[in-house]
Amino acid sequence: MPASTLEFIPKDRIQLAQDIENYFDKLWPLNRSLMGTDYRRSLDILNEVMPTNNLEFRTGEKVLDWTVPNEWNARDAYIIAPNGKKIANFKDNNLHLVGYSIPFRGKLALAELKEHLYTLPSQPDAIPYITSYYKERWGFCISQREYDGLEEGEYDVVVDTSLEPGKLVVGEARIKGQTNREILVSSYLCHPSLANNELSGPLVLSFLYKELKKLEGQLQYTYRFVVIPETIGAVAYLSKRGFELKDKLVAGYQITCIGDAGEFTYKHSRQHDSLADRAALQFMSEKKQSQVIPFNPAIGSDERQWCSPGFNLPVGSLMRTMYTVYPEYHTSLDNKSIMSFTGMADAVGAYLEIFRNIECNITYLSTEPYGEPQLGPRGLFSSVSDKNREEDELAMWWLLNYADGKHDLLAIAKLSGHSMDSLVRVGRRIKESGLFVEV
Amino acid sequence: MPASTLEFIPKDRIQLAQDIENYFDKLWPLNRSLMGTDYRRSLDILNEVMPTNNLEFRTGEKVLDWTVPNEWNARDAYIIAPNGKKIANFKDNNLHLVGYSIPFRGKLALAELKEHLYTLPSQPDAIPYITSYYKERWGFCISQREYDGLEEGEYDVVVDTSLEPGKLVVGEARIKGQTNREILVSSYLCHPSLANNELSGPLVLSFLYKELKKLEGQLQYTYRFVVIPETIGAVAYLSKRGFELKDKLVAGYQITCIGDAGEFTYKHSRQHDSLADRAALQFMSEKKQSQVIPFNPAIGSDERQWCSPGFNLPVGSLMRTMYTVYPEYHTSLDNKSIMSFTGMADAVGAYLEIFRNIECNITYLSTEPYGEPQLGPRGLFSSVSDKNREEDELAMWWLLNYADGKHDLLAIAKLSGHSMDSLVRVGRRIKESGLFVEV
Amino acid sequence: MPASTLEFIPKDRIQLAQDIENYFDKLWPLNRSLMGTDYRRSLDILNEVMPTNNLEFRTGEKVLDWTVPNEWNARDAYIIAPNGKKIANFKDNNLHLVGYSIPFRGKLALAELKEHLYTLPSQPDAIPYITSYYKERWGFCISQREYDGLEEGEYDVVVDTSLEPGKLVVGEARIKGQTNREILVSSYLCHPSLANNELSGPLVLSFLYKELKKLEGQLQYTYRFVVIPETIGAVAYLSKRGFELKDKLVAGYQITCIGDAGEFTYKHSRQHDSLADRAALQFMSEKKQSQVIPFNPAIGSDERQWCSPGFNLPVGSLMRTMYTVYPEYHTSLDNKSIMSFTGMADAVGAYLEIFRNIECNITYLSTEPYGEPQLGPRGLFSSVSDKNREEDELAMWWLLNYADGKHDLLAIAKLSGHSMDSLVRVGRRIKESGLFVEV
């Protein structure tokens with residue numbers, strides 16, 4: 001375990017924010033989807049920050065209840081309007097093309113074309129984000145405003161895509177701890193140009209890896225970081241690693257929607273009171289963050305897979321402004337303009353603090369449980385009692401009283417209101433004095 | 001089980017309200033008491049709606065800790081004032097005569113008479129409702145205003161009643177379900193001309209029977225409806241059926257004070273978290289009704305007997321404006337003018353919805369608990385994902401995640417906030433797809 | 001058990017308040033500390049109210065993790081300022097001298113002297129209360145205002161004290177009950193002239209003893225009263241009696257800060273839901289007192305020792321305005337001017353009521369648990385039912401329903417909102433009728 005809990009705080013927040021922004025800019029233009037060239041390119045770019053070993057699943061391979069689909073690649077897609085103007089141009093914004101659109105070339109009357117157009121009437125300037133992974137179709141997404149201005153006449157449609165057998169890639173990285181008890185960190189990499197609901201997740205995850213890696217050799221738990229296409233990637237990964245995770249995992253977190261400067265939101269794991277939950281709730285409490293929501297399998301990210309009833313892994317999710325809460329979600333408005341890179345740097349710090357809460361969550365047993373032990377002779381307590389006692393001295397009494405082998409530090413933190421930082425520091429001092437043994 | 005949960009909704013609310021009103025008018029004038037001609041006449045009238053098999057207990061019969069009393073019949077009762085005016089005339093309002101008054105004829109001075117008069121000083125225009133079942137006496141109830149106007153002089157009193165051995169009658173009706181697990185529905189029929197605190201109960205009960213009877217053959221549970229004189233009737237019934245009920249009952253409801261258009265009130269069973277409670281609380285939650293009170297053995301109706309500690313049956317009580325809350329309670333002001341017949345029709349519907357919650361409260365086990373199952377190929381989910389997902393699609397995810405053989409639909413409804421209607425409908429669709437088995 | 005719960009109320013509140021004040025005045029001037037002449041004199045004075053058997057521990061004796069220190073006696077202590085004025089005079093106020101100051105005589109420059117002076121800058125007129133039990137030093141406490149006026153020059157310091165082997169004395173008194181199940185009552189006697197945070201505790205304890213003693217022979221539980229120097233005294237006592245207490249104790253209370261007329265505060269025992277807690281919370285609820293705080297081992301009195309994890313005794317603390325809450329705490333402002341002697345008399349009554357809650361906390365089992373028993377023939381219930389029912393009649397129904405051998409009276413009081421007084425009275429009447437047996 002690190003010598004001080006301070007080591008879980010990133011050294012240079014501004015530099016970290018800048019690094020994250022650089023990678024955001026590199027990753028932004030790529031047309032990520034479940035599988036395809038740009039997914040792999042994105043993973044290659046992330047590998048500069050977090051080198052991964054990759055697991056591959058081939059098209060047609062059965063993974064749990066699912067089958068790995070074809071790989072999709074889009075070269076070009078647009079519509080020539082009757083007035084000759086090129087609209088819905090994929091090269092302007094990859095959201096214009098419905099994800100996994102099948103190839104198509106042809107001329108259509110406006111009425112026919114409209115069956116392939118998707119808009120968001122409530123946000124007339126936004127391009128919606130639409131995919132059709134498992135039903136063959138093609139389509140374009142445009143703003144309601146553009147849609148309303150479409151004239152009658154013949155439209156020339158080009159969808160230059162391919163759907164072919166290929167491979168689904170899972171990026172996996174590990175930081176080995178002193179035990180084989182594991183902590184899972186997961187995010188997805190399958191949305192095209194979306195910011196909070198795409199890049200914030202893998203970026204925070206990768207830089208979290210990089211920061212935590214500095215503590216390798218001092219960590220008690222083994223950390224497993226995975227980057228996958230959402231849903232099908234988690235399903236595929238679970239088909240290989242599910243029972244192993246069920247056996248080894250003590251906590252896990254799905255990272256998503258963590259790119260802005262909003263308050264933190266914590267979503268419980270299905271187990272509701274797992275170590276993952278307790279460590280995150282302690283962070284939330286210390287930072288006076290109050291948005292805590294129960295587990296919800298109906299909306300969310302891959303915690304839906306990790307927490308499926310057969311596996312029921314202890315995986316929660318610390319987010320900032322979450323899916324469905326912000327109006328830009330799943331539209332072209334979810335872009336760099338709503339991101340905060342210092343916010344993401346601080347999110348890396350937040351997860352490190354949560355890991356700290358787990359790494360340092362010792363259960364002590366007092367060697368002098370009968371009456372309070374004498375602290376003065378052990379150098380644990382100033383011998384002059386007056387009206388001003390320090391935080392640590394108060395924390396010491398809580399530790400001494402609850403060092404009964406049944407209360408871990410997270411439990412004592414919750415009972416006492418003292419910070420994990422103080423409890424860890426004081427707990428170590430007491431242990432050094434010989435008054436505590438670890439259980 | 002019915003093909004749709006809609007079948008638990010009465011077909012014609014206005015007609016139902018009219019039918020209830022007709023029977024209200026027929027029953028109103030009768031001088032019901034624990035036992036006697038008018039009690040039996042009332043039960044005969046109800047039999048037009050709900051045919052009962054009757055259990056009889058003879059005067060003097062020992063029932064649990066009690067003894068069946070004499071039967072009471074009142075032919076006439078009045079007082080001739082010194083001015084020759086007939087007052088406190090039983091034929092004008094049967095509340096004027098204290099229930100179970102012994103026969104008496106005689107002339108009394110005002111001071112002597114006053115020892116037999118009961119009033120309600122706080123409600124000077126109301127005639128109070130008073131009985132004296134177990135102590136022999138006679139008495140009259142009059143308004144405080146009339147009392148205050150009584151002049152000195154000789155009063156001629158006639159109490160033409162009889163107290164003779166007879167029989168206590170319990171009306172019992174059953175609707176047979178596919179199992180012998182039972183649901184009890186109970187009300188009383190022993191008050192004279194009182195509306196909310198008398199007729200609302202047996203009327204809602206009888207028409208509830210009539211509506212539920214239409215679903216006979218499709219029901220999983222066996223329903224037992226009982227109409228009795230309050231307390232002594234429940235005690236007598238328990239003396240015969242108590243241990244059988246203890247064995248078979250999964251839920252029960254005492255129907256009382258359900259005649260107006262007020263908000264619903266639910267009183268917990270003594271078990272506090274019984275199936276009866278959970279099904280009723282789900283109804284309350286869906287209808288945004290917030291008046292939920294704990295079990296209370298000190299005031300109430302026959303739930304006090306059903307929930308006596310030896311039997312401790314899972315019997316709650318869904319009411320509208322309940323005893324002690326409305327000022328007309330136990331006075332002549334509790335009459336038709338404060339009733340709502342559409343309110344009673346809706347109360348029938350409310351109990352049907354609660355029964356629906358019990359009948360449809362399945363526990364499912366998923367056949368694909370590892371990761372989310374693929375819904376598209378099973379026709380369970382639209383293949384285009386966009387911002388607008390329907391209620392049922394959200395409910396589906398909750399069902400799939402909690403189909404672990406441990407959470408029944410009522411538990412999932414509470415966790416998810418989804419309606420039983422939606423959960424039942426979607427649960428069936430999933431089961432048809434082969435993804436669920438019933439536990 | 002006493003024939004009526006009224007016997008737990010002190011007969012003459014005003015006389016009791018006067019008696020307490022007399023003893024307050026006798027005890028006030030003495031320079032109490034952990035051990036020494038004035039500690040023993042104080043205990044002797046209390047013995048006029050509560051005769052104790054004393055346990056003695058000699059200096060150097062090992063008690064649990066501690067060693068009994070030297071006895072400290074102070075004859076005189078003062079400083080002669082350069083202007084010849086005597087300041088910080090121990091004979092004016094014994095708080096001027098730091099407790100356990102070692103002897104010293106000498107002349108110091110102002111700067112040197114200041115290293116031995118203690119003030120409270122936030123309360124410039126108050127003399128702080130400081131001790132140094134376990135580190136050898138000497139010092140004086142003065143007001144900030146006096147400190148600020150000190151002139152340069154030579155100061156003549158006299159600390160005429162002695163630290164010599166002696167004995168630590170625990171005063172112990174017992175009232176024998178019919179069983180060896182015990183209730184502990186504890187307070188401390190080791191602070192010099194402090195009022196709320198010193199004398200209120202042993203005074204309320206002693207007069208509580210005196211009042212309770214009147215009920216000797218009728219009590220079910222054995223009461224053990226202990227007066228000790230704080231911390232070291234509790235540790236010493238536990239070294240002798242700890243395991244015996246662990247075996248016998250059903251409840252206990254640490255009495256401190258109970259001298260003013262403020263609202264009551266109850267601090268939970270570490271067990272949180274012990275009989276001590278339940279009995280005190282019932283008192284708090286009946287008196288509409290809402291200041292209830294959880295167990296806290298970091299601040300407080302000897303509950304920290306009683307509730308140390310090895311013993312974990314069920315000891316709570318009923319206080320009035322508690323330590324750290326009132327600004328006069330641990331200063332010369334904590335004196336008679338903030339005391340209320342009727343407040344202390346009422347505190348004696350409060351503890352008696354809590355003992356009543358424990359003494360009378362019977363668990364009944366009904367002999368007629370099937371349906372409600374008939375009360376009329378047993379003389380338990382008026383045979384006329386009307387709108388006005390008395391408190392006791394309502395309490396009766398709660399008792400009858402929850403007399404299941406599992407709910408004690410405190411549990412029924414909590415469920416029903418009825419007072420223990422009513423439940424005890426009615427419970428006895430029901431038991432006399434033969435309907436209840438005690439479990």
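How far apart do the C-alpha centres of domain 1 and domain 3 of chain A lie? They lie 35 Å apart. This is a predicted model, where local features need pLDDT of at least 70, side-chain atom pairs count only at pLDDT 80 or more, and totals for chains, interfaces and linings use all residues. Residues are numbered from 1 along each chain as its sequence is written, while chains are lettered from A and ligands numbered from 1 in the order in which they are written.

**Domains of chain A**
- An automatic or database assignment splits chain A into domain 1 (5–68 + 167–359), domain 2 (72–164) and domain 3 (363–438).
- Where domains 1 and 3 of chain A touch (C-beta atoms, placed from the backbone, within 7 Å), domain 1 puts in 7 residues and domain 3 puts in 6 residues.
- On the domain 1 side, α7 (275–286) and α9 (341–359) of chain A each give two or more residues, and α7(A) has the largest share with 4 residues.

**How the copies relate**
- Chain A lands on chain B with an RMSD of 0.1 Å after a 120° rotation and 0.1 Å of shift along the axis, fitting by least squares the C-alpha atoms of residues with pLDDT of at least 70 in both.
- The two copies are therefore related as by a three-fold rotation axis.
- In chain A, A:Asp273 has the C-alpha nearest the axis, 13 Å from it.

**Where chain B meets chain C**
- Chain B brings 23 residues to this contact and chain C brings 21 residues.
- On the chain B side, α6(B) gives the most, with 4 residues; helices here are DSSP runs of H or I, at least four residues, numbered from the N terminus.

Definitions and conventions: Contact = placed C-beta atoms within 7 Å.
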